[in-house]
Amino acid sequence: MRIAVYCGSCLGKNPIYAEKAAELGTVLAQNGHGVVYGGSKAGLMGKVADAVLAAGGEVIGVMPTHLQKRELAHASLTEIHFVESMHVRKAKMVELADAFIALPGGGGTMDEYFEVFTWAQIGLHEKPAILYNVNNFYDALLQHFQKMFEEGFIRAEQKSLIHVVSTSEEVLNLLKKHG
């Protein structure tokens, strides 16, 4: 499987984010999974890519040309696609991936995660969209998901689309379940 990994182009303040990003990359590669991601060598994105490559795995980057200098494209990837916009980037990543994982990140990470989650809700794909809840990063979002459910904005049958893990082993188990 190829897994799209959404995460920050920064490292965040707690070193556990970089540690878990690298661990995830290593575990994915060691289990034969390729990674599709934003193409940067910076932040958590770079940590994931470097770990996958160090473990002998495939890494495909998808980067809008306007971010090429700002985020510094990773020079050692298996493959990189330069595209004209964020919209094209997201669509290309969905096309290339069999599952999606959101590590901690900012607005871009949330944008990418919510797009694939929404597409699953409306039946455009059946690929799992996973929140990797490192250091309880997504706890407040999970509370909000519960509020959306309680208030009738997420239907009962859609609640099963919210996949949350807190270890790379749980990621592998979920991928096997949906593989």
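Helices, of at least four residues, and strands, of at least two, are taken as DSSP runs and numbered from the N terminus. The structure described in these terms is a predicted model.

The core of the description is an open sheet of seven strands, arranged in the order β4-β3-β2-β1-β5-β6-β7 with parallel pairing. Its edges are formed by β4 (79-83) and β7 (163-165), each of which pairs on one side only. From one strand to the next, the twist averages 25°. Within this arrangement, strand β1 (residues 2-6) runs parallel to strand β5 (residues 99-102), and the two are joined by four bridges. Tyrosine 6 has alanine 102 of β5 as its bridge partner.

Helix α1 (residues 15-30) packs on the sheet, where it touches β1, β2 (34-37), β5 and β6 (129-132). The direction of α1 makes about 135° with that of β6. Helix α6 (residues 168-178) lies across β1, β5, β6 and β7, and its course is at about 145° to β7.

Helix α2 (residues 43-54) was examined for its length and its packing. Its 12 residues should span 16 Å at 1.5 Å a residue, and the C-alpha atoms at its ends are 17 Å apart, which agrees with that expectation. The expected span is obtained as 1.5 Å times one less than the number of residues. The buried residues of α2 are Gly43, Leu44, Met45, Gly46, Val48, Ala49, Ala51 and Val52. These buried residues pack against strands β1, β2 and β3 (59-64), and also against helices α1 and α3 (86-96). An α-helix has 3.6 residues a turn, so residues three or four places apart point the same way. Just after α2, glycine 56 adopts a positive phi of about 85°.

Positive phi values also occur in the loop between β6 and α5 (139-150), in which asparagine 135 is found. Most residues other than glycine have a negative phi. Asparagine 135, although not a glycine, has a positive phi of about 55°. With a relative accessibility of 40%, asparagine 135 counts as partly exposed, because that class lies between the buried limit of under 20% and the exposed limit of over 50%. Asparagine 136 lies in the loop between β6 and α5 as well. The phi of asparagine 136 is near 60°, again a positive value in a residue other than glycine.

Methods:
Residues are numbered from 1 along each chain as its sequence is written. This is a predicted model: local features need pLDDT of at least 70, side-chain atom pairs count only at pLDDT 80 or more; totals for chains, interfaces and linings use all residues. Side-chain values use heavy atoms; hydrogens and water are left out. Two strands pair if DSSP finds at least two bridges between them. Axes are lines fitted to C-alpha atoms, for helices over the stretch in contact, and angles run from 0 to 180 degrees between N-to-C directions. Contact means heavy atoms within 4.5 Å. Buried means under 20% relative accessible area, exposed over 50%, partly exposed in between (1.4 Å probe, protein chains only).
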